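Good morning, and thank you for the time. I would ask everyone to look at the sequence and the structure together while I speak.

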Amino acid sequence: MYYARPIAGGQRAITWGMVVLQSTLQCPSCGHAEQLNMPEEACQHFYQCSQCGLWMRPRPGDCCVFCSYGDVPCPPRQKEEPASG
């Protein structure tokens, strides 16, 4: 599981640990960024940008809009075990 810890400049570093339930979603059309709460046990497949109205959908291969356009992956993805390498 991932968690975000604060680092310099207001950024967050993603590390293995607790599940993060907030992500900053950035619109691929207008660049508007919005911090949102993510559903804990589900993927969110659509989100409408509050600035330009674009309906975001996951990119091919991603499970949800947070995995495609967010700074933190969705909780179900965070709970997956990391690949051993």
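I shall go from the overall fold to one hairpin, then to the core, the cysteines and two serines.

Let me say at the outset that this is a predicted model. The protein has six strands and two helices. Reading from the N terminus, the order of elements is β-β-β-β-β-β-α-α. The protein has 85 residues, and 25% of them count as buried. Its accessible surface is about 5400 Å², with 51% of that belonging to carbon and sulfur atoms. As for contacts with a separation of 6 or more, 36% of them are between residues 24 or more positions apart.

I turn now to the hairpin. Strand E3 covers residues 22–26, and strand E4 covers residues 33–37. The two strands run antiparallel and are joined by five bridges. Six residues lie between E3 and E4 in this hairpin, and in the turn Gly-31 has a positive phi of about 85 degrees. Two of the pairings can be named: Leu-25 stands opposite Glu-34, and Gln-26 has Ala-33 as its bridge partner.

Which side chains of E3 point to the buried face? They are Ser-23 and Leu-25, whereas Gln-22, Thr-24 and Gln-26 point to the other face and are not buried. In a regular strand, side chains alternate between the two faces of the sheet, and E3 shows such an alternation.

Leu-25 brings us to the core. The largest nonpolar core has 16 residues, and those touching the most other members are Leu-25, Tyr-47, Met-56, Cys-64, Val-65, Phe-66 and Cys-74. Helix H1 gives the most to this core, namely four residues. As a general remark, nonpolar side chains tend to be buried together in soluble globular proteins.

Met-56 deserves a moment of its own. Setting aside neighbours within four places in sequence, its contacts include Leu-25, Gln-26, Cys-27 and Pro-28. Met-56 also contacts His-45, Phe-46, Tyr-47 and Cys-49, as well as Val-65 and Tyr-69. Three members of the core just named, Leu-25, Tyr-47 and Val-65, thus appear in the contact list of Met-56.

A bench audience will wish to know about the cysteines. How many disulfides does the count give? The count comes to zero, taking a disulfide as a pair of cysteine sulfur atoms within 2.5 Å. Cys-27 is in no disulfide, and the nearest cysteine sulfur, that of Cys-52, is 3.7 Å away. Cys-43 is likewise in no disulfide, with the sulfur of Cys-63 the nearest at 3.6 Å.

Are these cysteines buried or exposed? Cys-27 counts as buried because its relative accessibility is 3%, under the 20% cut-off. Cys-43, by contrast, has a relative accessible area of 26% and is therefore partly exposed.

Cys-67 is found in helix H1. At 18% relative accessibility, Cys-67 counts as buried. Beyond its neighbours within four places in sequence, Cys-67 is in contact with Asp-62, Pro-73, Cys-74 and Arg-77. From Cys-67 to Gln-78 the separation is 11 residues in sequence and 9.9 Å in space, C-alpha to C-alpha.

I close with two buried serines, beginning with Ser-68. Ser-68 lies in helix H1, which covers residues 65–69. Its relative accessible area is 7%, so Ser-68 is buried. What does the side chain of Ser-68 make a polar contact with? Its partner is the side chain of Asp-62, at 2.7 Å. In addition, a polar atom of the Ser-68 side chain lies 2.7 Å from the backbone nitrogen of Arg-59. Apart from neighbours within four places in sequence, Ser-68 is in contact with Pro-58, Arg-59 and Asp-62.

The other serine is Ser-23, in strand E3. Ser-23 has a relative accessible area of 0% and is therefore buried. The side chains of Ser-23 and Asp-71 are joined by a polar contact of 3.2 Å. The Ser-23 side chain also reaches the backbone oxygen of Val-72, at 3.2 Å.

Thank you; I am glad to take questions.

Methods
Residues numbered from 1 in each chain as written. Predicted model: local features only at pLDDT ≥ 70, side-chain atom pairs only at ≥ 80, totals over all residues. Heavy atoms only, no water. Buried < 20%, exposed > 50% of the residue type's maximum accessible area, 1.4 Å probe, protein only. Contact = heavy atoms within 4.5 Å. Areas by Shrake-Rupley, 256 points an atom, 1.4 Å probe, with all protein chains shown as cover. Polar contact = N/O pair within 3.5 Å; in protein donor to acceptor, adjacent residues only side chain to side chain. Pairing = 2+ DSSP bridges. Core = buried A, V, L, I, M, F, W, Y, C linked by side-chain atoms within 4.5 Å.
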